[in-house]
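Please read the following note alongside the sequence and the model. The numbered points take up an enclosed space first and the ring contacts afterwards.

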Amino acid sequence: MQPAVASAPISQSTSPADLAALFQPAAPGGPIPTPVTVAMGDGIGPEIMAQTLRMLAAAGATLAPEFIAVGEAQYLAGHSSGIGPDAWDSLRRTGVLLKAPITTPLGGGYKSLNVTLRKTLGLYANVRPVRSLAPAVATKHPVLDVVIVRENEEDLYAGIEHQQTPDVVQCLKIITRSGCERIVRYAFEYARRHGRRRITCMTKDNIMKLTDGLFHKVFEEVGREYPDIVQEHQIIDIGAARLADTPERYDVVLTLNLYGDIISDIVAQIAGSVGLAGSANIGQGGALFEAIHGSAPDIAGRDIANPSGLLQAAGMLLRHLGQTAVADRLEAAWLRTLEDGLHTADIYTAGRSVEKVGTRAFADAVIARLGQQPSVLAAPVREIHATPATAAPAPVAAPAAVEQTLVGTDVFLRWNSGLPDALGEQLVAQVGDVLRLKLITNRGVKVYPDGHAETTCTDHWRCRFVAAATAADHYEPVDFTAVLALQSRLTAASLQVIKTENLYLFDGQRGFSLGQGE
Ligand code: NAD
């Protein structure tokens with residue numbers, strides 16, 4: 001069947017009705033168009049989305065777009081996450097969102113729409129394939145073909161922040177075993193499906209031994225099931241430096257949420273432009289496809305933005321829906337356009353580019369090349385972004401019965417009345433005979449007993465209490481009533497308890513970090 005071509009070129013209109021009309025309705029005996037939720041976004045969003053939809057329709061994508069409003073206008077209308085209730089109805093119905101970038105208004109009180117969508121829909125895997133398009137697009141790294149697989153729901157992006165004292169704020173880094181297993185398994189399955197040979201896991205577990213340490217440990221555990229994939233681990237700082245320096249030695253990079261956010265932008269930028277890469281957010285509750293860049297307000301409304309990143313995301317969406325042939329046609333035409341030197345301003349290079357084109361003219365050029373193949377660049381990469389049948393993660397093994405033993409408590413105090421020894425002596429006087437004060441740290445460094453006078457202290461003190469009978473290398477169980485009694489005594493002594501964390505052993509293994517110097 002001939003693909004539907006957008007014969008009557010629409011005006012510059014980005015109105016949803018005009019854009020939806022580009023797609024062929026269901027014909028008797030023909031394929032049923034797949035409903036897809038579409039968000040036009042802010043800034044350059046409406047321009048690049050309009051052109052992406054034109055290219056999709058011209059290539060014969062069988063889609064029925066449903067438009068939703070998200071972003072700046074929704075924030076300003078009082079929806080603190082940038083999305084209104086009607087949009088959720090569409091998302092629940094379609095389970096698939098093609099989203100242009102949005103602008104998050106500056107100022108407090110606004111929650112990130114992206115984080116909200118990812119967490120609400122359970123989109124635990126963020127997949128960002130980036131490759132060099134040399135010689136068509138200038139880059140210092142002509143050999144680069146890397147897929148970043150980023151955990152998408154946990155880490156510091158859990159968004160749990162508190163101010164605890166006038167001087168101290170904190171952000172909780174939440175990592176779960178089940179979340180690690182889901183993303184690690186996804187990365188290995190992805191590598192297998194795509195013939196990728198190596199996974200490099202990047203963490204900072206030399207410092208964050210429990211959180212990043214769990215991610216690394218699960219990588220090694222799950223990795224035993226995939227002996228066909230070469231596996232390595234690098235500390236994120238040197239890993240990121242090597243990735244920027246010699247990206248040709250990397251294949252799939254698996255990492256936690258924050259690190260993945262940063263390194264995927266680095267890789268896209270060194271490949272040529274942040275305007276070239278798309279990303280898929282995949283999970284049980286659906287899938288979200290978007291360019292990796294933002295709404296670029298500096299160039300909005302000027303018809304100069306590169307629509308390629310969103311087009312790449314749209315290609316992933318097509319493969320997700322099983323419309324692989326259409327995705328291949330689009331990718332081939334796109335590569336051919338780049339090879340022919342028709343470049344938007346962000347990738348235009350004198351001597352290499354033939355013509356500087358705007359957003360719409362670039363889309364026209366891609367549409368004109370549908371059916372053509374690239375002559376120099378490799379054939380289209382067949383990314384298979386977890387079709388619905390395979391989107392569900394392998395069931396996470398229910399944790400076996402684990403013995404959890406209370407062995408102490410960390411009491412955090414706001415205190416401002418002198419040197420650490422004075423606090424230590426006051427606490428020792430309050431503590432009773434069931435628990436004993438083991439140490440006090442300030443910003444994680446031991447300051448009592450035997451602290452260093454040079455340590456800078458703030459108004460936030462972590463006071464560790466353990467069972468009185470605890471030996472240096474052996475913790476004794478503590479009854480929770482002793483923890484409650486301690487808090488009562490401290491409060492009665494006018495000490496301000498701002499937070500407590502219980503200290504547990506899990507099957508005899510310490511479930512808390514030691515203080516620096518403990
Ligand atoms: P940005 O990615 O929008 O822009 C960074 C630079 O890259 C700018 O110079 C811009 O002109 C250029 N650029 C980006 N996309 C381009 C394209 N397609 N073609 C040509 N040039 C392009 O980052 P920013 O300026 O830090 O953020 C702007 C807004 O976007 C902010 O409100 C931010 O919150 C938002 N943002 C949204 C998303 C999203 O919706 N997924 C992601 C990142 C940032």
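1. Domain 1 (1–124 + 272–380) and domain 2 (140–263) both contribute residues to the lining of the second largest cavity, so this cavity lies between them; the domain bounds come from an automatic or database domain assignment. A cavity here is a set of points, on a 1 Å grid over the protein atoms alone, where a 1.4 Å probe fits but cannot get out, and lining residues have an atom within 4 Å of a point.

2. This is a predicted model, in which local features need pLDDT of at least 70 and side-chain atom pairs count only at pLDDT 80 or more, whereas totals for chains, interfaces and linings use all residues. Residues are numbered from 1 along each chain as its sequence is written, and side-chain values use heavy atoms, with hydrogens and water left out.

3. The structure holds two cavities of 30 Å³ or more, and the second largest has about 30 Å³ of space, a volume being the space filled by probe spheres set on grid points that are joined across faces, edges and corners. Its lining consists of Val-115, Arg-118, Lys-119, Asn-152, Glu-153, Tyr-157 and Asn-257, which divide into two nonpolar, two polar and three charged residues (Ala, Val, Leu, Ile, Met, Phe, Trp, Tyr, Cys and Pro count as nonpolar, Asp, Glu, Lys and Arg as charged, and the others, Gly among them, as polar). Helix α5 (residues 113–120) gives the most to this lining, with three residues; helices (H or I, at least four residues) and strands (E, at least two) are DSSP runs, numbered from the N terminus.

4. There are six aromatic pairs in the structure, where rings of Phe, Tyr and Trp (its six-membered ring) pair if their centres lie within 6.5 Å, and planes under 30 degrees apart count as stacked, over 60 as edge-to-face and the rest as tilted. Phe-188 and Phe-219 form a stacked pair, 5.6 Å centre to centre with 15° between the planes. Since Phe-188 belongs to helix α6 (residues 177–193) and Phe-219 to helix α7 (residues 211–223), the pair ties together parts that are 31 residues apart in sequence. Both Phe-188 and Phe-219 are buried, meaning under 20% relative accessible area with a 1.4 Å probe and protein chains only.

5. The ring centres of Trp-415 and Trp-461 are 5.5 Å apart and their planes stand at 80°, so this pair is edge-to-face. Trp-415 lies in the loop between β15 (404–414) and α14 (420–430), and Trp-461 in strand β18 (residues 460–467), 46 residues apart.

Key. 1 Å grid on protein atoms, 1.4 Å probe; cavity = no way out; pocket = protein on both sides within 12 Å on 5 of 7 lines; lining within 4 Å. Buried < 20%, exposed > 50% of the residue type's maximum accessible area, 1.4 Å probe, protein only.
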